[in-house]
Amino acid sequence: MKPLVLVLNGPNLNMLGTREPGQYGRETLADLAQRCAETAQAHGLEIEFRQTNHEGELIDWIHAARGRCDAIVINPGAWTHTSVAIRDALVASELPVIEVHLSNVHKREPFRHLSFVSSIAVGVICGLGSQGYRMALNHFAEMLREHAT
């Protein structure tokens, strides 16, 4: 059975490719999902790639990952800066988490510098566009291989 990584995307990421392309690039969410699927396949991973604009739905997905998935890659979007509930759900999942952001949040508005997720994440990748997701999947593939031996 292949290791399963849950790749979660928060609000407004469904607008990728059209929303502020100077900030987020021209890749669509479907393009991003395809790149993640290719990376996962190359490493013998399975992924579930999801996006929602509803905080409770994201929390439900995180809860359901406990005991079923091996890791979580998450771009919480604007919830990064506002949701203690998502942070708590990630802690409760007892899974390793990597936080990913397409843009460099530290070069943006000061309110974006605060993350409720970063302190509980294995790592944070920001500002590298979709490559950040692939880097997160690469890390988890290596980590899961090491733990399997």
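Start with helix α2 (residues 29-42) and helix α5 (residues 131-148) in this predicted model. Select both and look along them: the two helices pack at an angle of about 25 degrees, and their axes are 9 Å apart. Angles under 35 degrees count as roughly parallel, so α2 and α5 are roughly parallel to each other. The crossing of α2 past α5 is right-handed.

Now show the side chains at this contact. On α2, select Leu-32, Arg-35, Cys-36 and Thr-39; on α5, select Tyr-133, Arg-134, Leu-137 and Asn-138. Sorted by class, the contact of α2 with α5 has four nonpolar, two polar and two charged residues.

**Cysteines**

Stay on Cys-36, one of the α2 residues in that contact. Is Cys-36 buried or exposed? Its relative accessibility is 1%, so Cys-36 counts as buried. Next, add Cys-69 to the selection, since the closest cysteine sulfur to that of Cys-36 is found there. The two sulfurs are 14 Å apart, which is too far for a bond.

Move to Cys-126. Here the relative accessible area is 23%, so Cys-126 is partly exposed. The closest cysteine sulfur to that of Cys-126 is in Cys-36, at 17 Å, again too far for a bond. A disulfide is a covalent bond between the sulfur atoms of two cysteines. The cut-off used for the pair of sulfur atoms is 2.5 Å. How many disulfides does the count give? The count comes to zero.

**The α3 and α4 pair**

Select helix α3 (residues 55-65) together with helix α4 (residues 84-93). They pack at an angle of about 10 degrees, with axes 9 Å apart. By the angle between them, α3 and α4 are therefore roughly parallel to each other.

For the contact itself, show these residues:

- on α3: Glu-55, Leu-58, Ile-59, Ile-62 and His-63
- on α4: Ala-85, Ile-86, Ala-89, Leu-90 and Ser-93

By class, this contact of α3 with α4 has seven nonpolar, two polar and one charged residues.

Keep Ala-89 selected; it lies in helix α4. With a relative accessible area of 4%, Ala-89 is buried. Which residues does Ala-89 touch, not counting residues up to four places away in sequence? They are Ile-59, Ile-62 and His-63, and these three appear among the α3 residues that meet α4. For a longer view, draw a distance from Ala-89 to Ala-136: the C-alpha atoms are 20 Å apart in space, and the residues are 47 apart in sequence.

**Two residues with positive phi**

Most residues other than glycine have a negative phi. Go to Glu-94, where phi is positive, at about 55 degrees, although the residue is not a glycine. Glu-94 sits in the loop between α4 and β4 (97-101). Its relative accessibility of 62% means that Glu-94 counts as exposed.

Then select Asn-12. This residue also is not a glycine, and its phi is positive at about 75 degrees. Asn-12 is placed in the loop between β1 (4-9) and α1 (21-24). Is Asn-12 buried, partly exposed or exposed? At 36% relative accessibility, Asn-12 counts as partly exposed.

**Along the loop, then into β1**

Remain in the loop between β1 and α1 and pick Thr-18. The relative accessible area of Thr-18 is 60%, so this residue is exposed. Add Thr-28, ten residues away along the chain, and draw the line between the C-alpha atoms: they are separated by 7.8 Å.

The last stop is Leu-6, in strand β1. At 0% relative accessibility, Leu-6 counts as buried. To see what surrounds its side chain and backbone, show the contacts of Leu-6, leaving aside neighbours within four places in sequence. They are Glu-48, Arg-50, Trp-61, Ala-65, Cys-69, Ala-71, Ile-72 and Val-73. Cys-69 is the residue that holds the closest cysteine sulfur to Cys-36. Finally, draw a distance from Leu-6 to Ile-125: the two are 119 residues apart in sequence and 16 Å apart in space, C-alpha to C-alpha.

Conventions
Residues are numbered from 1 along each chain as its sequence is written. This is a predicted model: local features need pLDDT of at least 70, side-chain atom pairs count only at pLDDT 80 or more; totals for chains, interfaces and linings use all residues. Side-chain values use heavy atoms; hydrogens and water are left out. Axes are lines fitted to C-alpha atoms, for helices over the stretch in contact, and angles run from 0 to 180 degrees between N-to-C directions. Helices (H or I, at least four residues) and strands (E, at least two) are DSSP runs, numbered from the N terminus. Angles under 35 degrees count as roughly parallel, over 145 as roughly antiparallel, 65 to 115 as roughly perpendicular and the rest as oblique. A crossing is left-handed if the near helix is turned anticlockwise from the far one by less than a right angle, and right-handed if clockwise. Contact means heavy atoms within 4.5 Å. Ala, Val, Leu, Ile, Met, Phe, Trp, Tyr, Cys and Pro count as nonpolar, Asp, Glu, Lys and Arg as charged, and the others, Gly among them, as polar. Buried means under 20% relative accessible area, exposed over 50%, partly exposed in between (1.4 Å probe, protein chains only).
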